[in-house]
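Please look through the structure shown here before reading on. The report that follows is meant to be read side by side with it.

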Amino acid sequence: MPEILKWSESIPICGEYDVIVCGGGIAGVSAALSAARCGKKVLIIEKTVTLGGLATMGLINMWVPLCNGRGRQIIKGLAEELLRLSIAHGYDTLPEEWRLGEPEQPTDRRYVTYYSIGIFELELLKLLKDAGVTVLYDALVSVPVMKGQHCEGIIIDGKSGRHFYRAKMVVDATGDADVLLRAGVPTEDGYDYFTYIAEGIDIEHCRKAVEKNDVRYAYVRYSGGSSTLYGEGHPEGMPRFKGASMEMENDFLQKNQLLLYDKIRDMPRSERDIHYLPGMAQLRTSRHLIGDKPLTDDMLYRHEETSIGAVCDFDNRDSLYEVPYGALVCRGFDNLITCGRCASAEGWAWDVLRVIPPAVLTGQAAGTAAARAIDSTVPIYDLPVGPLQQALAATGVIIHFDDAWVPGTGTSERASVEGHI
Ligand SMILES: Cc1cc2nc3c(=O)[nH]c(=O)nc-3n(C[C@H](O)[C@H](O)[C@H](O)COP(=O)(O)OP(=O)(O)OC[C@H]3O[C@@H](n4cnc5c(N)ncnc54)[C@H](O)[C@@H]3O)c2cc1C
C-alpha cells in the first residue's frame, strides 16, 4: 500500500451543461453530436488537441465493414454519415459497388474505406462546432464528482488549473472507462497484444503515388510490435498488456517505440521518413463497463428486445448481432452512460463492438439516450427503449436485422476480402 497524501482544494465552477461527453474519440464525437441534435447543451472534453481518438491520432484510418459481406448494409445512421464525411474532402478506397450506397446486386466486396486522418480530424471539429457543441481540448477529465451513485459533474485538469463543470448527464467515451472506474461503476480490464503502427512515406511509394496520380499510395506503415488482434506475432514470453494502468501503458508504448527505432534506424535515411507516431496507445481493449446486459458471443443471430442497433462482424461474413441497451448503462448509476470501446461486451463480442462503425452506433445511442433521459426525468438505466429505438431508426439505424439475412447453420465463413484487421 503506497503512502497516502490527503489534499483538499477549492475549484472554480466553470459551467453547467445538459450533457458532458468525456473523451473526443469517434464514439464521443457521435455521442456529443447526437445529444446536440436533440437540442441539448453539450460539452465534449478531450485530453489531446484533436478529435477522433484511435480513429485519427491512433492512426487507425480504416472503417471496418458496414455490411454483411453479401452486399447488404447492416450499420446505418450516423456511422454511414461519418464514413461519408471522412472521405468527403480526402482520398478514399471505397469499392465502386458501394459508391452510391447499397448495391442492387449481391457482392462479396465489403463496404470499407481508408481515409485521410488529418482531414477527418478537421471535418469532425467543423461538424461539432456547426452543431453547437462546446469543444474543450487539452483538458484531462480527472474526477467525476459523485453524490452516492449520481454524478454531479466533472473536474478537469487544464492549462489554467482545475475546473468543475456541472452536468445533468455524463457520457464516458474515454475508451478506457476512466470516468466509470473513478465513479465506482463496475468495470473489467482487457488484454492486449504487442502492436504499434506508425505512418510514413518512402521514395518507392512516392513514385507509385505519382504514377497513379493518387496521394494515398505515398503512405507506408512502419511497425514496432506487429501482433495481429489474434496475437500472431506477439513476442514469445512477453505477457499480454492488461487494463489501462499508467505503468502498463508506459511499458507498452516505450517498448514499442524502442523496437520501432531499432527497425528503422539503419534504413537508407534519404529514402524514408516517419511523419506520424501514434498520438495515443494503440490498445484494442483496455477497460469496459460491466453493464446491465453485455453483448456476448451467444447473442449471434439473436434478436434483442432492447436493441439499439444491429451490427456485423468485421472478420466473419454474415455474422450479425443486436446491441442491447444494457451494454451502455449500469443499474443504480442514474446519469452515467458509456459507448465505444468501453461499452459492455464479453469475449469476441467485445471485438465486434469496439471497432469504428459500432463505436459510432453506440455513441449515437448514448448521446440520444442521455438527451431523452433528461427530457423524461427517468434514471438513464430505466429509459424506455421503444422511443429511443424510434429516434435511432429515424436516422436510418437498423434496429433489428431481417431473419432473411441469417445464413443456414454452418454457412458463415471467415471473410477473405477487405475488412480484415
Ligand atoms: C491496432 C488497432 C487496429 C485497429 N484497426 C481498426 C480498423 O482497421 N478498423 C476499425 O474500424 N477499427 C479498428 N480498431 C478499433 C478502433 O480504432 C477503436 O476501437 C475505436 O476507434 C474506438 O473509439 P472510441 O471513441 O471508443 O475510443 P478512443 O478512440 O480510444 O477514444 C477515446 C478518446 O478519449 C480521450 N480520453 C481518454 N481519456 C481521457 C480523459 N481522462 N480525459 C479526456 N479525454 C480522454 C482520448 O484521448 C481519445 O480521444 C483498431 C484498434 C487498434 C488498437
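The sections below go from the domains to the ligand, then to three helices, and then to some single residues.

## The model and its two domains

The structure is a predicted model, and its features should be read with that in mind. In the protein chain, the domain assignment gives domain 1, made of residues 13-189 + 286-405, and domain 2, made of residues 191-276. The centres of domain 1 and domain 2, taken over C-alpha atoms, are separated by 27 Å. Where the two domains touch, nine residues come from domain 1 and 10 residues come from domain 2. Sorted by class, the side of domain 1 that touches domain 2 has three nonpolar, two polar and four charged residues.

## The shell around the ligand

The ligand is surrounded by 38 residues, of which G23, G25, G53, G175 and G340 are the closest. By class, the residues of this shell divide into 19 nonpolar, 12 polar and seven charged.

Several elements each supply at least two residues of the shell around the ligand, namely helix 1 (26-37), strand 3 (62-63), strand 6 (140-147) and helix 8 (356-376). Helix 1 gives the most to this shell, with three residues.

## Helix 6: one buried face

Helix 6 covers residues 246-264, and at 1.5 Å a residue its 19 residues should span 27 Å, which agrees with the 27 Å between its end C-alpha atoms. Within helix 6, the residues F252, N256 and L260 are buried. Seen down the axis of helix 6, the buried residues fall within an arc of 55 degrees, so they line one face of the helix.

What covers the buried residues of helix 6 includes strand 11 (195-202), strand 12 (219-226) and strand 13 (241-242). The face of helix 6 turned away from the buried side carries exposed residues, and these are M246, E247, N250, Q254, L258, Y261 and D262.

## Helix 8: largely enclosed

For the 21 residues of helix 8, a rise of 1.5 Å a residue leads to an expected span of 30 Å, and the end C-alpha atoms are indeed 30 Å apart. Of the 21 residues of helix 8, 18 are buried, so this helix is largely enclosed by the rest of the structure. Helix 8 is followed by T377, whose phi is positive, near 50 degrees.

## Helix 9 and the segment after it

In helix 9 (residues 385-393), the buried residues are V385, L388, Q389 and L392. Seen down the axis of helix 9, these buried residues fall within an arc of 100 degrees, so they line one face of the helix. What covers the buried residues of helix 9 includes strand 16 (307-312) and helix 8, while on the other side of helix 9 the residues G386 and Q390 are exposed.

V397 is found in the segment after helix 9. Is V397 buried or exposed? Because V397 has 23 C-beta neighbours inside 10 Å, V397 counts as buried. Leaving aside residues up to four places away in sequence, V397 touches K76, G77, G309, L361 and L392. V397 and I197, by contrast, are 200 residues apart in sequence and 32 Å apart in space, C-alpha to C-alpha.

## Residues in loops

P65 has its place in the loop between strand 3 and helix 2 (78-86). With 27 C-beta neighbours inside 10 Å, P65 counts as buried. P65 and K40 are 25 residues apart in sequence, and their C-alpha atoms are 31 Å apart in space.

Most residues other than glycine have a negative phi. L59, although it is not a glycine, has a positive phi of about 65 degrees, and L59 lies in the loop between strand 2 (42-45) and strand 3. L59 is partly exposed, with 19 other C-beta atoms within 10 Å. N213 is also not a glycine and has a positive phi of about 55 degrees, and its place is in the loop between helix 5 (203-212) and strand 12. N213 has 7 other C-beta atoms within 10 Å, so N213 is exposed.

How values were computed
Residues numbered from 1 in each chain as written. Predicted model: local features only at pLDDT ≥ 70, side-chain atom pairs only at ≥ 80, totals over all residues. Helix = DSSP H or I, 4+ residues; strand = E, 2+ residues; numbered from the N terminus. Expected span 1.5 Å × (residues − 1). Buried ≥ 20, exposed ≤ 12 C-beta atoms within 10 Å, placed from the backbone. Arc of directions from axis to C-beta. Contact = placed C-beta atoms within 7 Å. Near = placed C-beta within 6 Å. Nonpolar A, V, L, I, M, F, W, Y, C, P; charged D, E, K, R; others polar. Domains from an automatic or database assignment.
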